[in-house]
Structures are given as structure tokens and as C-alpha cells.
Amino acid sequence: MKSYVPGYEMEASPDLSATLARLAREAEVWKPFAGGTDLMVLLEAGKLPHRKFVSIWKLQELRGIEETQDYITLGALTMYSEIRRHEILTREFPLLCRAAAETGSVATQNRGTLGGNIANASPAADSPPALLVYDADLELVSVSGSRWVPYHGFWFGYKQTALRPDELIRRIRLPRNKIHWKQYYRKVGTRRAQAISKVCFAAAAHVDTGRIVDVRIALGSVASTVLRAVETEKMLRREKPTPAILRTAQDVLVREIAPIDDMRSTARYRRTIAQNLLAEFCETLSSW
């Protein structure tokens, strides 16, 4: 059954300060609405339980991409299409650009936002694994001020995050320190476009004389949250990606993830695919 649209209410605040003031006064009453690419699907299906939203779409304080020597900082309302077109992101953060390119349709990419994807906290989202690999930080703002938190550890469980009801995500900060790392991204779904992932795998490694000096591995759709495989990373550090090391790493990875059976796939399939993608990533390192 579709939702009864007159039963919903949306208002637009003139600026960020007014929005934060409203959330501080009535944090549980009003919820932010950005591009709406996730919420409108729920509305159409009659499964959007919350009724009052404040539109943040036109807040200029949440837009823009800033460049410094050490960081690229993206406003929370940065759209996927903007990510795909940005020269520095394309060159230094190809995993994020690949994720943006594989997120929904062109219409979704022209409306969906990076901050909204993070706040929605879906374990099957395409961009979060890339953000984990890049050691992203989030700036959270409220009337009380702002705070930076690492994206790794931002979630506590399914759809549960460190974002308080009176806070918004203002910016996402990416350190510019992995341009020389070998980088890898794969999204496995029913088809190549407009499909929710069965497994999403992002990874990057610093390799010197054939040995893995440092590594990041992150996956989506294999647990109740997007997952960074820290134990698998520990196992691979200071090792050469030999077949024996790979087999051990695959065993560690299987113990880290917790996939489920659902309408898109099975837990067994997801475990096998995760192991195969790890093998493919390690194969790329052998020739690096």
C-alpha cells in the first residue's frame, strides 16, 4: 500500500543555524531530508514511518569540495555525480568514484548525497566501504558546536550510528595519503547497474618490494553494518601475498564477516564471494 502523502509534513529552513535550532528544540519530531533517494522509496512502498521532515537540500553550508595539501573535504550534500566529475577525486580516490558510478541510476546520482548515504547507515551501501579504506572522518554539528569522529566505528549496529538526533553530518574529510597505494573495488550484484549489492569489497595496500607494508579492507552486505576487516588486515601486514598467506587470510576473513540469507543472496554465497574478491585483490598486489 502506498503512503498517504497529505499525512506527511516537510518544511525548509533558510540556513544551517535555523535547521540545527529546530533539531535542538524538537529532535525526535523533525528529521533531516536531503536528496531523498532512500526515503522516497520507503514513501512509495508505504513504509516510511516518520511523518515530519526538514529539508536540508538548499543549505549551502553543506555543499562544496575543499582541497588542502593534506585533505580533500566534501560537504555532506555532495552528490555522486559531483564526485564522479571531480578531477582530484578521480585521480586520488578512485574507489569512491567507482562506488559513485555504481550507485543507482543517473537520476539517483544527480540527487543522492554522500552524507545521506552515511546517515542512512545501510550495510549494503556502495560508498561506505571506500570511505573506510580511505580512513574518512566525519564532522558532526549541532547547536552545541561541532565534533570530528572517525568513520570507522561510527555505527553500533544495524541502522545505529553515533549521530545524535540533534546533529547533522556537515563534512566528510579524506586524508590524501594513499595515492601510491594499489586500490581495488568490486560490487557484486544481480546485474551491473541499479542493483543492491550482494557483496561490496574495497581495499587498498601499500606494497614495497613485494611485501604488504600497510593495508585496508572493507566490505558491505556481509554483516549488520559495513565492515572493516581489521583482523584480516593484521594478518596480511608485513607479508608477501603468496598462495599460502592468501589461504590463511581467507580463513580469517570468513571468521570476521557475518552474512545472512535474504532475498538477494545466501550467506554461503556471500562468504565464497568475499573470499574470491580477497584473492583477486591479493593477485593484483603480486604484480605491484
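**Group meeting talk: loops, cores and hollows in a predicted model**

Let's start with D166. It sits in the loop between β9 (160-161) and β10 (168-175). One caution before going on: this is a predicted model. So is D166 buried or exposed? D166 has a relative accessible area of 18%. Buried means under 20%, so D166 counts as buried. What does D166 touch, once neighbours within four places in sequence are set aside? The contacts are L20, L23, A24, A27, V141 and S142.

Stay with loops for a moment. Look at K159, in the loop between β8 (155-157) and β9. K159 is partly exposed, at 39% relative accessibility. Its phi is near 60°. That is a positive value, and K159 is not a glycine. Why point that out? Most residues other than glycine have a negative phi. R238 also deserves a look here. Its phi is near 70°, again positive in a residue other than glycine. You will find R238 in the loop between α9 (230-236) and α10 (243-256). R238 is exposed, with a relative accessible area of 59%.

Now the inside. The largest nonpolar core has 38 residues. Which of them touch the most other members? They are L96, I118, L131, Y151, F154, I172 and L174. Helix α5, residues 94-101, gives this core its largest share, 5 residues. A second core lies apart from this one. It has 30 residues, including A205, I212, V222 and A274.

Let's zoom in on I172. Leave out residues up to four places away in sequence. I172 then touches I72, T73, L74, G75 and A76. It also touches L114, G115 and I118. L131, A136, D137 and L138 complete the set for I172.

Next, A101, at helix α5. How accessible is A101? The value is 30%, so A101 counts as partly exposed. Beyond four places in sequence, A101 touches R84 and Q109. Compare A101 with I83. They are 18 residues apart in sequence, and their C-alpha atoms are 8.8 Å apart.

L132 is in helix α8, residues 127-133. Its relative accessible area is 2%, so L132 is buried. Leaving aside neighbours within four places, L132 is in contact with Y151, H152 and W155. The same list for L132 holds A218, V226, L227 and R228. Another pair to check on screen is L132 and V215. They are 83 residues apart along the chain, and 11 Å separates their C-alpha atoms.

On to empty space. How do we find it? Rolling a probe the size of a water molecule over the atoms shows where empty space is left. How many cavities of 30 Å³ or more does the structure hold? The count is 1. The largest cavity has a volume of about 90 Å³. It is lined by 14 residues. Closest to its centre are A121, S122, Y151, W155 and V226. By class, the lining has 8 nonpolar, 5 polar and 1 charged residues. You have met some of these names already: Y151, W155 and V226 are also contacts of L132.

Then there is the second largest pocket. It holds about 170 Å³ of space. Which residues line it? Begin with V5, Y8, E9 and M10. Then come F33, G35, M40 and L43. L48, F53 and R111 finish the lining. Two elements each supply at least two of the lining residues: β1 (9-12) and α2 (39-45). By class, this pocket's lining has 8 nonpolar, 1 polar and 2 charged residues.

Last topic: cysteines. How many disulfides are there? The count comes to 0. Take C97. Why is C97 not bonded to C200? The closest cysteine sulfur to that of C97 is in C200, and it is 14 Å away, so it is too far for a bond. The cut-off is 2.5 Å. C97 is buried, at 10% relative accessibility. C282 is in no disulfide either. Its nearest cysteine sulfur is that of C200, 17 Å away. C282 is buried too, at 3% relative accessibility.

To close, go back to where we began. D166 lies in a loop, yet D166 counts as buried. R238 lies in a loop as well, and R238 is exposed. Find both on the structure.

How values were computed: Residues numbered from 1 in each chain as written. Predicted model: local features only at pLDDT ≥ 70, side-chain atom pairs only at ≥ 80, totals over all residues. Heavy atoms only, no water. 1 Å grid on protein atoms, 1.4 Å probe; cavity = no way out; pocket = protein on both sides within 12 Å on 5 of 7 lines; lining within 4 Å. Points joined across faces, edges and corners; volume = space filled by probe spheres on them. Helix = DSSP H or I, 4+ residues; strand = E, 2+ residues; numbered from the N terminus. Nonpolar A, V, L, I, M, F, W, Y, C, P; charged D, E, K, R; others polar. Core = buried A, V, L, I, M, F, W, Y, C linked by side-chain atoms within 4.5 Å. Buried < 20%, exposed > 50% of the residue type's maximum accessible area, 1.4 Å probe, protein only. Contact = heavy atoms within 4.5 Å.
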